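User: I have a model open and would like to see how its labels are earned. Could you take me through the reasoning?

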Amino acid sequence: MNEVEADHGREAWRVALAGLLALAVAMGIGRFAFTPLLPMMLHDGVIDLAAGGWLATANYVGYLLGALLCMVLHVSATRAIKIGLVATVLLTLGMGVLHAPTLWLLLRTLAGIASAGVFVYGSGWCLQRLAQLKAPALGGIIYCGPGIGILVTGLATSAMVTQHWRAEHGWLLYGLLALILTALVWPTFAGSAIATAAPTPAAHGLEPAQVTRQTRGLTLAYALAGFGYIITATFLPVIARQALPGSNWPDLFWPLFGICVSIGALLATRLPTRWDNRLLLAACYLLQACGILIGIVSPSVTGFALGSILLGMPFTAITLFAMRDARRLRGDHARSLMGMLTAAYGVGQIIGPPLATRLVRSSGSFTSSLSVAASALLAGAVLLGVMYRHSRKRIG
């Protein structure tokens, strides 16, 4: 390996790790710290379950708005990433400083916008930079970020519960953690331009009409993924506490989910990039559906543990494969498609929490809402399989 290749290798790892930490802040903290803190907020009496569902929905509405903005705004990627990270720090701290549920709705909405911006611009910038550095396989490292953030916040929240902390102190701690991580990645995103290189082409051999059809199918399938996972991802600690009253295990299922998210992202980097993204996505959907169904059939420690593993392992792998397919279809002009996919995912997420709380009120349990979520993932897997089969027939 010559000196230039060594420099490129070091730069590729720096980009991948910066992307990892940026997504840990925007997703693991900015979005998903709410999940383990929700039982604490319920215990503190500052909100009830319905209000918690609306706070979750506000964040997902913000995520949708942020994704839509990413499709129309023409701004430097690194500038957008930095603005999103700073906003995440301030909004997380605001959840601990301010004590008004109405203001919390606004903060969670803005946090969703910020996280979508960091995700779309961060994913696009890092994946393009890694492609130019001839290290596209490191893209999976980026998507370990949300899992690491989920793991850290989940374990820390469990410790807070044992020490009888209030939820507001948890928000302040996570705001400080987001600040530290933002400072670490700031130099990597200090520039505003990507080194000039030959652009990555869009899909070979596809007519515009075929690209359009495949884009629509991918977008619908990704929306089903957003709906399919979100009910469990929002209410897992609450569901587990209801099923296992008095047990210490419910506080550990969310961190288990987080570590499996990171493991899944790492394993995804070991899969050959020549494998079709649609088949990989379909397999991930089936795993998540099985994870949800296991929790329904066996609401026990073993059932929830297996469910957390099967839901977590494919979580960010799904994102990686979907973003890769966006680049397959659009090449280096994929950012608008990434934004559209993220928006579709956001629509699925918005529907989940209010549907879940409504079904809980009518049935007294989460079983019906989880069944609907699993069905959505199964439908998405079927759609992706049909898309793949149809494209192979056209090639043949």
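**How the labels are earned**

Analyst: Gladly! This is a predicted model, and a good place to begin is L69, which is placed in helix α3 (residues 49-72).

User: Why is L69 called partly exposed?

Analyst: Its relative accessible area is 38%. Buried means under 20% and exposed means over 50%, with partly exposed in between, so L69 counts as partly exposed at 38%.

User: What makes L69 part of a nonpolar patch on the surface?

Analyst: A patch takes residues with over 30% relative accessible area and no salt bridge, and nonpolar side chains are joined within 5 Å. At 38%, L69 is over that cut-off. The patch is formed by L65, L68, L69, M71, V72, L73 and V75, with about 530 Å² of accessible area together.

User: G66 is also in helix α3. How do you know whether G66 is buried or exposed?

Analyst: The relative accessibility of G66 is 3%. Buried means under 20%, so G66 is buried. Leaving out residues up to four places away in sequence, G66 touches I113 and A116.

User: And S158, in helix α7 (residues 145-162): why is S158 called buried?

Analyst: The same test applies: S158 has a relative accessible area of 14%, and the cut-off for buried is under 20%, so the label follows. Beyond its neighbours within four places in sequence, S158 is in contact with D251 and L252.

User: Let's turn to the rings. How many aromatic pairs are there?

Analyst: The count comes to 13 aromatic pairs. One of them is formed by F32 and Y229.

User: What makes F32 and Y229 an edge-to-face pair?

Analyst: Their rings are 6.4 Å apart, centre to centre, with 70° between the planes. Rings pair if their centres lie within 6.5 Å, and planes over 60 degrees apart count as edge-to-face, so both conditions are met.

User: Why can this pair be said to tie together parts that are 197 residues apart in sequence?

Analyst: F32 lies in the loop between α1 (3-29) and α2 (34-44), whereas Y229 lies in helix α9 (residues 208-243), so the pair joins parts with that separation. Both residues are buried. Ring pairs also link F32, Y222, Y229, W254, F257, F315 and Y345 into a cluster.

User: One last case: what places the charged end of R31 over the ring of Y63?

Analyst: The charged end of R31 is 4.0 Å from the centre of the Y63 ring. The distance rule asks for CZ of Arg within 6 Å of the ring centre, along with a position within 35 degrees of the ring normal. The charge of R31 is listed as sitting over the ring of Y63.

Conventions
Residues are numbered from 1 along each chain as its sequence is written. This is a predicted model: local features need pLDDT of at least 70, side-chain atom pairs count only at pLDDT 80 or more; totals for chains, interfaces and linings use all residues. Side-chain values use heavy atoms; hydrogens and water are left out. Patches are made of residues with over 30% relative accessible area and no salt bridge: like charges are joined within 9 Å, nonpolar side chains (Val, Leu, Ile, Met, Phe, Trp, Tyr) within 5 Å. Accessible areas come from the Shrake-Rupley method with a 1.4 Å probe; for residues, only the protein chains shown count as cover. A salt bridge is a side-chain nitrogen of Lys or Arg within 4 Å of a carboxyl oxygen of Asp or Glu. Helices (H or I, at least four residues) and strands (E, at least two) are DSSP runs, numbered from the N terminus. Buried means under 20% relative accessible area, exposed over 50%, partly exposed in between (1.4 Å probe, protein chains only). Rings of Phe, Tyr and Trp (its six-membered ring) pair if their centres lie within 6.5 Å; planes under 30 degrees apart count as stacked, over 60 as edge-to-face and the rest as tilted. Contact means heavy atoms within 4.5 Å.
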